[in-house]
Amino acid sequence: MSETDIEPLVRGGYRCSLCDVRVPNSPTLNDHLKGKKHQKLLSVRTTRKSQQEKSVFVSGFPKGTSNLEITDYFQNFGVVASVIMDKDKGLYAIIEMGSTEEVEKVLSIAQHYMNGQKLRVKHRENKEFKYIPKKKQDPGKKQLIDFEELSQALCQVVDVDEQLKQLLQLFEFTDSEKMLRKLIVSLIQEVFLEFFPSCKILPFGSSVNAFDIHGCDMDLFLDLENAKTFQANASATAEAKEVIGMKQDAQSETQSEDSTLSDIDLETSTSAEVLELVATVLQKCVPGVHKVQAVTTARLPVVKFIHKESGLQGDISINNRLAVRNTMFLQLCALLDQRVRPLVYAVRYWAKQKQLAGNPFGGGPLMNNYAVTLLVVFFLQNRAPPVLPTVNHLKELAGEEDQCVIDGWDCTFPSDRSKIEPSANSERLCVLLTEFYKFYAQFDFAGTVISLRDGKVHLVTAFIGPESDKKLRLGPINIQDPFELSHNVSGNINERTGQKFKRQLDEASKYCRSLQYQRKSNKGKIWGIVRLFQPQSSTDCSPASSPVVDHSPGKELSHTENMLTIPFKLSCLSEQTRKRLHGSPDFREVWFDKVCHAVLYVMESVLKCSCSCTEGNHVQTDNVKINSFSETQSKEEEKDNFGLKRQYPVEEIPETSSTKKARIEAPQYQREVTWHCAVWNRVWVGRRKMRRHLHYRTNESAADTSVIISSLEIEAKVTEAILQQEENGDKSSPLIMFTLSAFLVGGNEDTRTMIRVTPIQHTTLFLEFFHFLESFVPKMTEKCFEKSD
């Protein structure tokens, strides 16, 4: 104990600054100093001080650098106990080494370079320890284990298979948690039967789908079908008795059971009206329930509540019968093979740690746990031999008693799992996890739709037709619900999240092939799935965070090559283009052609570069129907500027089932187009200032304020203004000469166009220009799609 911890008070007594406690006299002070709280805080402070002494502060690495990259570098100086990334900006890290000697070894290096980037490394700042009381935990609600505790538990087992099984045991419900939830459901069921005779309370979601986790919410479905029948029968009986003069007897017989239902007609009332009644019953009649709130304006209206004694949060819905069936399907999957549960728990926890799934906390739309679970199920359907059967195969095995149709969707599968033959697949858990990341790291999410019903992918162009059951909300990742075929369960995520998901899959796939994943460390380092689960900075969303890889045939790209990426986005294409793509297996070729048109338009007409097609298939650009900002430029002049005009040939291939499969698994690199380009002016310098200036002048001079100038027109005007400013400059030779090589990536990978930018001579000026192109070209290319017919 430090003497500075104890402060004598002016009016008598003492204050312990460590524990923030006041005591009246010396005997009480001595008791306090020997108590558990004070001793525990002393221990924590000592531990924190030791951690500070063994830690270094590191900055200077690129935004989006992962924990694994930092760990790999500093392991050259000793054991890396932990890496804590800056959660707000992802621009610094605190690295705890195994000892102070290892810290001195790190600091003895005058300058550190990681992946060619200069780092700033210094002692970690010593901060005064301050006690912050923990929030009171809700009784009966077990909290999730934190990563540090999880790491200690998992690193002690012998192999990755045991780690996965241990993870399951640490996260799943205890028997007492299961019993508590059953009691709460029974209590609500008992009360609601008094007000809604013959109703049923059916739990669904994580609480009961075999993938439960400590503290997860309770999702309840109030089934009112039987209550509607009861109400209709009671009303008919009352009317019949009234006709024969027995109105009073009818009222006395039904009043006790129908007193609440007499105020509302369940058959004709709106969901909002019924939920308001549910909220009233829940708040006034169910013991131990508080903070009841009817959320009737949400996409799925619910009544939210909290069970006061346990702290469990829950919600009740009345129009979610499909979710109950989905829950039963996941229960069946978990029962069919014992490897399913630990694999799902691992992938879901990984997605949560990397901020890909779970609650967004302001970080943008993330995938939900149901979507992540379906990704695992689909992967297991595609093992050889399969671990899980397809939904169509389950339907074939179902009997008449299993037939189930909900809201017009066929939700049939066997209720008796003995009808389903066990899988012949015998792969170990660690192998399945490795193959999961490998499977999806090479997956074309944007160009395909995942179907668990068929156990295969379909091209997105098959889902843009007029058929009602194909009106999916297509996006960066498309996972068709196994029963509600018009629902994309990952349709909420945006391009940013989709790209981040792919990068993390690729990084996990690479790590699972390393020795750190496969073997237990003898030096006390973290290993196996623990390192896979290291938390990710919330700002790791930049495309620059992943290494650049050249996808051209037979060539590896070095880290110094400059690549632009334009991912396939169906949402960027016009409705007319989508209709042309409907059902087309060659949509990648059509899309690549449009990208080439747009890129060339941006380079020539917006940035005023000189471009000529020199290699590969010539790209016809005069049919890029984009309104030019210049009203005076004639079509013939436009054609002259675009250069070569020979359309590439498209090979016609008859469609067969084998051909369709071959198209999805076709060679990834089908076409490449190269242009020689030259830049004569610094068109990338001062664009923001010029844009503001032109926007002000345009608003001042515009007679018709309803005229909206497109981004392409504005950017072209900006370029023209910059050229006018530099008209007296030296035009005898270009500032920069370079080549643009565009090639299509698809097949087994995400559909995208990669553009290699290769300077004739590497200069600082070129690097400035390329960094400008990195963001400008993809953004303006999308604007071209929006403007095209």
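Which strands does helix 7 (residues 175-195) lie across? The close-ups below take up this question, then turn to the aromatic rings. This is a predicted model, in which local features need pLDDT of at least 70, side-chain atom pairs count only at pLDDT 80 or more, and totals for chains, interfaces and linings use all residues. Residues are numbered from 1 along each chain as its sequence is written, and side-chain values use heavy atoms, with hydrogens and water left out.

**View 1. An open sheet of five strands.** The strand order is 9-10-13-12-11, with mixed pairing. At the edges are strand 9 (200-204) and strand 11 (289-295), each pairing on one side only. Neighbouring strands are turned by 25° against each other on average, direction ignored. Strand 11 runs antiparallel to strand 12 (residues 302-307), and five bridges join them; here Val289 stands opposite His307 in strand 12. Two strands pair if DSSP finds at least two bridges between them. Helices (H or I, at least four residues) and strands (E, at least two) are DSSP runs, numbered from the N terminus.

**View 2. Helices on the sheet.** Helix 7 lies across strand 9, strand 10 (218-223), strand 12 and strand 13 (313-317), at about 25° to strand 10. Helix 11 (residues 321-336) also packs on the sheet, touching strand 9 and strand 10, and its direction makes about 55° with that of strand 9. Contact means heavy atoms within 4.5 Å. Axes are lines fitted to C-alpha atoms, for helices over the stretch in contact, and angles run from 0 to 180 degrees between N-to-C directions.

**View 3. A tilted ring pair, Phe211 and Tyr345.** Their ring centres are 6.3 Å apart and their planes are at 55°, so the pair is tilted. (Rings of Phe, Tyr and Trp, its six-membered ring, pair if their centres lie within 6.5 Å; planes under 30 degrees apart count as stacked, over 60 as edge-to-face and the rest as tilted.) Phe211 sits in the loop between strand 9 and strand 10, and Tyr345 is in helix 12 (residues 340-353), 134 residues apart. Phe211 is buried at 2% relative accessibility, and Tyr345 is buried at 4%. (Buried means under 20% relative accessible area, exposed over 50%, partly exposed in between; 1.4 Å probe, protein chains only.)

**View 4. Charges over rings.** Lys122 lies over the face of Phe57, 5.3 Å from the ring centre. The charged end of Arg325 sits over the ring of Phe413, 3.9 Å from its centre. (The criterion is NZ of Lys or CZ of Arg within 6 Å of the ring centre and within 35 degrees of the ring normal.)
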